[in-house]
Amino acid sequence: MNVLGFTGLLIAAVCAWGWWWERARGKRRQAIAAAEQGDLRARQAQELGATRERSRQLFDRMLEGVIVLDASHHVTLVNQAAQELFQTTNATGRTLIEVVRNHEIATVARRLPAEEAVAGHELRLEETPPRFLQINAVTLRDAEDRVSGAVLVFHDLTQVRKLESARQEFVANVSHELRTPLSLIKGAVEMLIDGQERTEEASGRLLKIVDRHANRLGLLIDDLLLLAQLDSGRVRLNLQTVSARTLVREVEDDLGARAAARRIELRNEVPEEFLVRADADRVRQVFFNLIDNALKYGRDGGKVQIAARAHAERIEFTVRDDGPGVPPAALARVFERFYRVDRARAREQGGTGLGLAIVKHVVQAHGGAVRCESVVGRGAAFVFSLPRANATAAD
């Protein structure tokens with residue numbers, strides 16, 4: 001083989017090797033690109049799954065109930081709040097009326113798409129107790145502006161309505177409680193001004209009426225201000241180690257004359273060693289209100305018992321009377337402001353109607369709880385707890 005033939009063969013070999021190498025490198029590049037694309041698709045699928053999971057969790061954690069419908073009013077999505085609101089499961093694929101079981105809600109949905117949105121529609125669900133809902137709905141459209149479904153959002157207004165009712169009742173009660181003494185004061189003052197009662201005895205009687213009911217107004221205003229402070233958390237408790245028996249003894253001294261007038265025996269059965277970590281002034285007020293209440297409703301010649309028993313971290317106190325008791329239906333309401341089981345007798349006994357409400361708030365401010373136990377005709381017992389203090393703790 002001559003030199004030219006060998007050179008040609010060498011060039012052909014080099015070209016063939018170069019072609020093979022480029023082809024192999026191309027295949028490697030394709031394999032790398034395919035692997036990268038696979039990794040990218042896996043990452044995208046993972047991110048999409050994570051996004052969907054976050055969206056699902058966010059959807060289910062919404063406080064408002066949400067139901068998404070398709071164009072034929074079948075449910076495509078429903079969150080946890082809506083399932084709890086309508087007490088339903090497996091709602092997907094069912095019609096709206098099957099899920100909510102309420103024709104008024106279905107009627108609101110049928111207003112779409114004639115109306116692009118329905119805002120602030122309120123309805124009452126006739127349940128026990130009744131519930132109140134606000135519905136907001138909007139039409140869904142696709143890219144071609146065709147109706148593709150609807151979204152309904154349900155906001156539970158039940159608690160708001162309860163608060164509004166409580167506020168209205170509270171305002172009415174305060175107005176009534178203020179109007180009675182004001183009317184008596186005004187009448188007595190008018191008689192004094194007109195000179196209808198010219199004798200010193202008559203004038204003194206009218207002035208006593210003014211003084212008595214002015215004091216009643218003062219007590220009512222003080223109690224209302226205290227409750228407002230307790231509600232807002234602005235009352236700062238002066239916590240110290242306190243002898244519960246000593247507090248009861250001080251209240252007995254304050255109410256002793258009232259008890260003696262009705263021949264009611266006050267029994268302080270709280271052990272000397274029972275110490276609580278509490279604000280002495282506030283707890284004294286709790287005992288005063290409960291014992292005063294027991295004296296009002298206990299029977300003449302009866303007894304009021306103040307007892308206690310210790311638990312690991314708290315002490316439970318009981319103030320028991322032997323009066324007519326509290327009906328079962330009233331047990332859950334006796335701590336409401338101005339609530340009275342026997343309104344006629346309560347008016348005769350006086351008071352602001354806020355004593356038990358103050359008891360509840362003061363006890364709760366100490367981290368305790370209060371309840372009423374009663375059997376009609378066999379008296380009532382008011383039970384509350386306070387944190388137990390270490391007898392060796394320094395004040």
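Here a trainee and a mentor talk through a predicted model and the reasons behind its labels.

Trainee: What does the protein contain in the way of helices and strands?

Mentor: There are 10 helices and 12 strands. Buried residues account for 34% of the 395 residues. The accessible surface is about 23800 Å², and carbon and sulfur atoms hold 54% of that. As for contacts between residues at least 6 apart in sequence, 60% of them join residues at least 24 apart.

Trainee: What makes strand β1 count as largely enclosed?

Mentor: Look at residues 65-70: 5 of the 6 are buried, so the rest of the structure largely encloses the strand. Buried here means under 20% relative accessible area.

Trainee: Which strands does β1 pair with, and how do you know that they are paired?

Mentor: Pairing takes at least two bridges. β1 has 6 bridges to β5 (residues 147-156), running antiparallel, and 3 bridges to β2 (residues 75-78), also antiparallel. Both counts meet the cut-off, so both are called pairs. L69 is a handy residue to click on: its bridge partner in β5 is A150, and in β2 it stands opposite V75.

Trainee: What lies between β1 and β2?

Mentor: The two form a hairpin with 4 residues between them, and H73 in that turn has a positive phi of about 65°.

Trainee: How do you know whether β9 runs parallel or antiparallel to β7 and to β10?

Mentor: Take each partner in turn. β7 (residues 265-268) and β9 (residues 303-310) pair in the parallel sense over 4 bridges, with N268 opposite I306. β9 and β10 (residues 314-320) are joined by 6 bridges and run antiparallel; there A310 has I315 as its bridge partner. A hairpin links β9 and β10, with 3 residues between them.

Trainee: Why is T318 called buried?

Mentor: T318 is at 14% relative accessibility, and the cut-off is under 20%, so the label is buried. T318 sits in strand β10. Leaving out residues up to four places away in sequence, T318 touches Q305, I306, A307, A381, F382 and V383.

Trainee: And why is E272 called partly exposed?

Mentor: The relative accessible area of E272 is 47%. Buried needs under 20% and exposed needs over 50%, so 47% falls in between and E272 is partly exposed. You'll find E272 in the loop between β7 and β8 (275-279).

Trainee: What does E272 touch, beyond its neighbours within four places in sequence?

Mentor: The contacts are S243, R245 and R249. R245 is 27 residues away along the chain, with 5.8 Å between its C-alpha atom and that of E272.

Trainee: What makes Q87 and N90 worth flagging for their backbone angles?

Mentor: Most residues other than glycine have a negative phi. Q87 has a phi near 50°, a positive value, and is not a glycine. N90 isn't a glycine either, yet has a positive phi of about 50°. Q87 lies in the loop between α2 (80-86) and α3 (96-100), and N90 is in the loop between α2 and α3 too.

Trainee: Are those two buried or exposed, and why?

Mentor: Exposed means over 50%. Q87 is at 67% relative accessibility, so Q87 qualifies. N90 has a relative accessible area of 66%, so N90 also counts as exposed.

Trainee: What is flagged about the peptide bond from L112 to P113?

Mentor: That bond is cis, with omega near 5°. For background, most peptide bonds are trans. P113 is placed in the loop between α4 (103-110) and β3 (117-125).

Trainee: Which residues line the second largest pocket, and what is its volume?

Mentor: The volume is about 210 Å³. The lining is made up of A166, R167, E169, F170, N173, R333, E336 and R337.

Trainee: How do you know which classes those lining residues fall into?

Mentor: Sort them by residue type: Ala and Phe count as nonpolar, and Glu and Arg as charged. The lining then comes to 2 nonpolar, 1 polar and 5 charged residues. A166 and F170 are among the lining residues, and their types put them in the nonpolar class. Arg and Glu residues such as R333 and E336 are there as well, and those types are charged.

Technical notes
Residues are numbered from 1 along each chain as its sequence is written. This is a predicted model: local features need pLDDT of at least 70, side-chain atom pairs count only at pLDDT 80 or more; totals for chains, interfaces and linings use all residues. Side-chain values use heavy atoms; hydrogens and water are left out. On a 1 Å grid over the protein atoms alone, a cavity is a set of points where a 1.4 Å probe fits but cannot get out, and a pocket is an open set with protein on both sides within 12 Å along at least five of seven lines; lining residues have an atom within 4 Å of a point. Grid points are joined across faces, edges and corners, and a volume is the space filled by probe spheres set on the points. Buried means under 20% relative accessible area, exposed over 50%, partly exposed in between (1.4 Å probe, protein chains only). Contact means heavy atoms within 4.5 Å. Accessible areas come from the Shrake-Rupley method with a 1.4 Å probe; for residues, only the protein chains shown count as cover.
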